[in-house]
Amino acid sequence: MVVPLAFFGVFFAYPVLAIVARGLRPEGHWDLGRIPGIVTDPQVLDVLWFTTWQALVSTLVTLLVGLPGAYVFARFEFRGRRLLYALITVPFVLPTVVVGSAFLGLLGRGGLLDSWWGVRLDTSVWAIVLAHVFFNYAVVVRTVGGLWGALDPRQEEAARLLGASRFAAWRRLTLPALVPALSAASLMVFLFTFTSFGVIQILGGPRFATLEVEIYRQTSQLLALPTAAVLTLVQFAAVAGLLLLHAWTVRRRESALGLVSSTAARRRPRGAGDRAVLGFVLLVVLVLVLVPLSALIERSLHSSDGYGFRFYQALRSTDSGTFTVAPLEALGNSLLYAGVATVIALFVGGLAAAALTARAGRLVRGFDMLLMLPLGTSAVTVGFGFLIALDEPPLDLRSTWLIVPLAQALVGVPFVVRTVLPVLRAVQPRLREAAALLGASPFRVWREVDLPMARRALVVAASFAFAVSLGEFGATVFIARADNPTMPVAIARLLGRAGEINYGQAMALSTLLMALCALTLVLLDRLQTRHLGEF
């Protein structure tokens, strides 16, 4: 537990505290008296209100759209089901910058709808909500559908034989059993949308800002560190509360799964009702998933000269003046950074999972929640904190490329822990005890007992960590050097400049990044089993 604690202490707690102290302790003493004035500022209250209500609306719409999909994948067996299941997961592993670019290519100025029908919906709340539903649809389908598929359908069938309607049987039997999974999925979606940055930055324009976007604006544009520090504390408190609720719902979900049967088999759709639900889900996947991704690809190929690879070829040039290097070099940088971040995340997350397996109690649960905090804490604050805190020996990392994968690894570690921990906890303790009685050292016990059983989980965890590191944007936008940009940073900078060539290059880079994430997902789909990890 020492190594994970030291890693999070140095590269998470220290930078965050440094930026908070720089804002609220400017002259050597804490100036907490300005907190009430900042929190009650009308502009800050507007940001808090928009952050909260757009997250609530996004969560509600995602649940309404996702529940039929959860039912279909839990109960139906049909041709192409596995492909469709993998397809709906693609948006979840996409970087938020790519999601924003996809909807900009569909709804924005010069986008698909604008070019064909003169319709624009960018810089609108509904564009933001649609992008959030696109990103989080798989969270509801996988979380709720996983539990729904474990429920015995014969319970509902028995209730209907006794005279209950189909809806009444579902409301009285299935819905109460699904409450833990629904709560967990709702909290996860709310957490992701509450801390949204890349989507809002691209689609929100100057009119809309979440806490994360406002923290970025206060630090990078206004240099108002006190306001940024207070907003960081507000977001941190909200995220901590959400994580406590999530931990509680996970414990309830585990106890609920022990009470129900998991022997029910999926069946072929039968009757008009089943076919209607399946048709609705197929329509949702077509409109919500395929259309935005297709629009992104189409915009990357379409220019004033017609269709072709002009924008892809321009990625090898520096003529646009946006970078000192060719934008295509961002691809190599991203692969290098994500690879190193994955190694760090596997090392730290693997040790953390092993420590959580060997111990129990409130302290361990607190440590478990600590590992999840980087998923909800302001990545902008972490990135700016890296610049402020890691500038003196022995931690002077600002001039080294290693600072980027270290920041990315912070986001990868929680995925490693959540994927590997359930597998390690499933290993029978007597196997370890028998190996130890035969004289094996702790390292050999781990190598001979735990590693063979956790090998597939580690590969899945590595794929998750690589995908999220590849798309990390909030922290990287501060610490990536101009001559070594990552793909998300390059996309954001290209979108921030006028001109057809910059827009087209952003769409081309987004398409390449989408392809990389999709390849990672294919690996996940081939390796992941039904009960492998929490994600």
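**Exercise 1. How are α7 and α13 oriented to each other?**

Solution. Helices α7 and α13 are roughly perpendicular to each other, because an angle from 65 to 115 degrees earns that label (under 35 is roughly parallel, over 145 roughly antiparallel, the rest oblique). The model is predicted, so local features need pLDDT of at least 70 and side-chain atom pairs pLDDT 80 or more, while totals for chains, interfaces and linings use all residues. Residues are numbered from 1 along each chain as its sequence is written, and side-chain values use heavy atoms, without hydrogens and water.

Step 1. Find the helices. α7 covers residues 125-148 and α13 covers residues 271-301. Helices are DSSP runs (H or I, at least four residues) and strands are E runs of at least two, numbered from the N terminus.

Step 2. Take the angle. The two axes come within 11 Å and cross at roughly 110°. Axes are lines fitted to C-alpha atoms, for helices over the stretch in contact, and angles run from 0 to 180 degrees between N-to-C directions.

Step 3. Give the hand. α7 passes α13 in a left-handed crossing. Left-handed means that the near helix is turned anticlockwise from the far one by less than a right angle; clockwise is right-handed.

Step 4. List the contacts (heavy atoms within 4.5 Å). L130, V133, F134 and Y137 of α7 meet V281, V284, L288, V289, P292 and L293 of α13. These residues divide into 10 nonpolar, no polar and no charged. Nonpolar covers Ala, Val, Leu, Ile, Met, Phe, Trp, Tyr, Cys and Pro; charged covers Asp, Glu, Lys and Arg; the others, Gly among them, are polar.

**Exercise 2. Which residues of α11 and α17 meet?**

Solution. Step 1. Start with the axes. Those of α11 and α17 (residues 379-389) come within 8 Å and cross at roughly 30°. The two helices are therefore roughly parallel.

Step 2. Read the contact. E212, I215, Y216 and T219 in α11 touch A379, V380, T381 and F384 in α17. By class, that is five nonpolar, two polar and one charged.

**Exercise 3. At what angle do α3 and α9 pack?**

Solution. Step 1. The angle is about 135°, and the axes lie 9 Å apart. α3 and α9 are therefore oblique to each other.

Step 2. The crossing of α3 and α9 is right-handed.

Step 3. Residues of α3 in the contact include T51, L56 and Y71, and those of α9 include R166, V189 and F194. The classes here are nine nonpolar, eight polar and one charged.

**Exercise 4. How many cavities of 30 Å³ or more does the whole structure hold, and which residues lie nearest the centre of the largest?**

Solution. Step 1. Search the whole structure. Three cavities of 30 Å³ or more turn up. On a 1 Å grid over the protein atoms alone, a cavity is a set of points where a 1.4 Å probe fits but cannot get out; a pocket is an open set with protein on both sides within 12 Å along at least five of seven lines; lining residues have an atom within 4 Å of a point.

Step 2. Take the largest cavity. Its volume is about 640 Å³. Grid points are joined across faces, edges and corners, and a volume is the space filled by probe spheres set on the points.

Step 3. Inspect its lining. Of 31 lining residues, T96, F135, F192, L375 and V411 lie nearest the centre. α20 gives the most, with four residues.
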